[in-house]
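This report treats the ligand site first, and then turns to a sheet and to two points of backbone geometry.

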Amino acid sequence: MVDLKGQYDKISNEIDNAVLNVIRSTQYINGPEVKSFQQELESYLGIKHVIPCANGTDALQVAMMALDLKPGDEVITTSFTFVATVEVIALLGLTPVLVDVDPLTFNIDPRAFRKAITPKTKAVVPVHLFGQCADMEAILEISQEHNIAVIEDTAQAIGATYKFSDGTTKKAGTMGLIGCTSFFPSKNLGCYGDGGAVFTDDDQLAQRMRVIVNHGMEVRYYHDSIGVNSRLDSIQAAILRIKLRHLDQYAEARNAAADYYDYAFANNPKLLTPKRAGNSTHVFHQYTLITQNIDRFGLQEHLQSKDIPAMVYYPVPMHMQKAYTDPRYKEGDFPVTEALSKSVISLPMHTELDDEQLKYITESVLEFVNR
Ligand SMILES: *Cc1c(COP(=O)(O)O)cnc(C)c1O
């Protein structure tokens with residue numbers, strides 16, 4: 001699905017030097033590379049505070065810990081997401097409240113969000129799924145009305161830009177109270193291991209999150225609150241500094257591949273190409289088709305036989321997962337999510353796809369679809 005080797009080959013000199021420099025410096029934990037990366041990401045995103053941590057799941061957990069929520073408080077998110085979003089809500093003893101998504105953007109449906117609000121609702125986690133922003137203007141408006149904290153899960157959309165109706169623009173993850181991201185290798189800004197970060201413009205929250213990721217410790221060996229140990233390695237920070245400089249160009253390469261796919265599949269009655277929301281740029285973490293009246297796993301097998309990977313993100317909605325079974329939910333409750341999980345398929349999407357590969361992939365898809 002990704003070509004990390006091809007991407008590395010183009011920047012290997014820079015990367016190798018940066019990694020060796022960290023090794024020789026012996027400043028492996030919270031070294032200067034971490035601080036520099038943090039500052040560079042702050043200026044790229046246009047946000048006051050970036051706090052790096054160990055992975056995207058921790059980022060979500062740290063964000064929710066910083067809000068001082070109480071057991072039973074409700075956090076709203078979608079059933080069509082990666083498990084991490086729901087997992088941390090449950091782990092912290094909070095109540096995940098699931099809602100349905102928009103059938104074309106795969107992102108949280110603001111009307112469903114509004115309907116799910118109760119007096120216990122304390123936070124909402126819009127997930128900017130597959131690379132474009134949720135309808136943040138509507139979500140922020142509803143949240144302000146009900147005093148709900150907005151935690152953006154931008155693990156799949158770092159670098160995407162959202163445009164408000166007054167013309168102002170903001171980067172994904174910088175619109176709500178806290179943004180959370182992941183630097184997992186296959187993410188758009190990926191390191192060579194695990195990594196993540198939280199961002200906020202709020203000075204007090206930033207300070208709390210800095211303390212939380214460091215064992216609840218402000219003064220060494222004095223612990224004022226219960227924290228966690230969640231750090232970004234210096235080596236990973238050094239790699240991310242280099243890849244951040246390429247991030248916009250990587251998004252362009254992904255968009256060029258998406259355009260190729262769009263063109264090849266346009267007007268095919270069996271394939272619905274991904275909609276580009278008018279108010280957000282798309283950074284194509286995934287290129288996800290909605291199939292109609294074809295055997296999706298048959299297509300996946302056909303592609304596999306031609307050495308083309310294809311994946312289903314996500315085959316089982318959160319409310320249908322064994323771990324998250326809840327008497328509040330049953331099959332049929334989220335019809336859009338359920339229909340999507342039965343019909344989507346994602347094609348290879350990365351920064352190194354060339355026309356020859358795209359031609360081979362699209363022809364192979366059409367060979368099966370037009371059979
Ligand atoms: C990848 C991902 C995460 C978790 O990130 P990790 O770094 O793997 O912990 C959370 N949310 C979404 C939407 C993701 O895609």
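## Ligand site and backbone features

In this predicted model, a polar side-chain atom of Asp-153 lies 2.8 Å from a nitrogen atom of the ligand. Two further polar contacts involve oxygen atoms of the ligand: a backbone N or O atom of Gly-56 lies 2.8 Å from one such atom, and a polar side-chain atom of Lys-187 is found at 2.9 Å from an oxygen atom of the ligand. Taken alone, the ligand would expose 380 Å², of which the protein buries 91%. The three contacts are set out below.

| Residue | Protein atom | Ligand atom | Distance |
|---|---|---|---|
| Gly-56 | backbone N or O | oxygen | 2.8 Å |
| Asp-153 | polar side-chain atom | nitrogen | 2.8 Å |
| Lys-187 | polar side-chain atom | oxygen | 2.9 Å |

The residues that surround the ligand are Asn-55, Gly-56, Thr-57, Phe-82, Ala-84, Val-127, Asp-153, Ala-155, Gln-156, Ser-182 and Lys-187. Sorted by class, this shell consists of four nonpolar, five polar and two charged residues, and the space that the ligand takes up is the largest pocket.

A sheet can be described next. Three strands form an open sheet in the order β12-β13-β14, with antiparallel pairing. Its edge strands are β12, which covers residues 271-272, and β14, which covers residues 344-347, and each of these pairs on one side only. The pairing between β12 and β13, the latter formed by residues 287-291, is antiparallel and runs over two bridges; within it, Leu-271 has Thr-291 of β13 as its bridge partner. In general, the strands of a sheet pair through backbone hydrogen bonds, in either a parallel or an antiparallel sense.

Two loops carry backbone features that deserve a separate mention. Where does Tyr-314 lie with respect to α9 and α10? Tyr-314 is found in the loop between these helices, which span residues 296-305 and 335-343 respectively, and the peptide bond that leads from Tyr-313 to Tyr-314 is cis, with omega near 0°. In the loop between α1 (4-25) and α2 (32-45) lies Asn-30, and the phi angle of Asn-30 is near 50°, a positive value in a residue other than glycine.

Note on methods
Residues are numbered from 1 along each chain as its sequence is written. This is a predicted model: local features need pLDDT of at least 70, side-chain atom pairs count only at pLDDT 80 or more; totals for chains, interfaces and linings use all residues. Side-chain values use heavy atoms; hydrogens and water are left out. A residue is near a molecule or strand if one of its heavy atoms lies within 4 Å of it. A polar contact is a pair of N or O atoms within 3.5 Å; within protein, one must be able to donate a hydrogen and the other to accept it, and residues adjacent in sequence count only if both atoms are side-chain atoms. Accessible areas come from the Shrake-Rupley method with a 1.4 Å probe; for residues, only the protein chains shown count as cover. On a 1 Å grid over the protein atoms alone, a cavity is a set of points where a 1.4 Å probe fits but cannot get out, and a pocket is an open set with protein on both sides within 12 Å along at least five of seven lines; lining residues have an atom within 4 Å of a point. A molecule sits in a cavity or pocket if more than half of its atoms lie within 2 Å of its grid points. Ala, Val, Leu, Ile, Met, Phe, Trp, Tyr, Cys and Pro count as nonpolar, Asp, Glu, Lys and Arg as charged, and the others, Gly among them, as polar. Two strands pair if DSSP finds at least two bridges between them. Helices (H or I, at least four residues) and strands (E, at least two) are DSSP runs, numbered from the N terminus.
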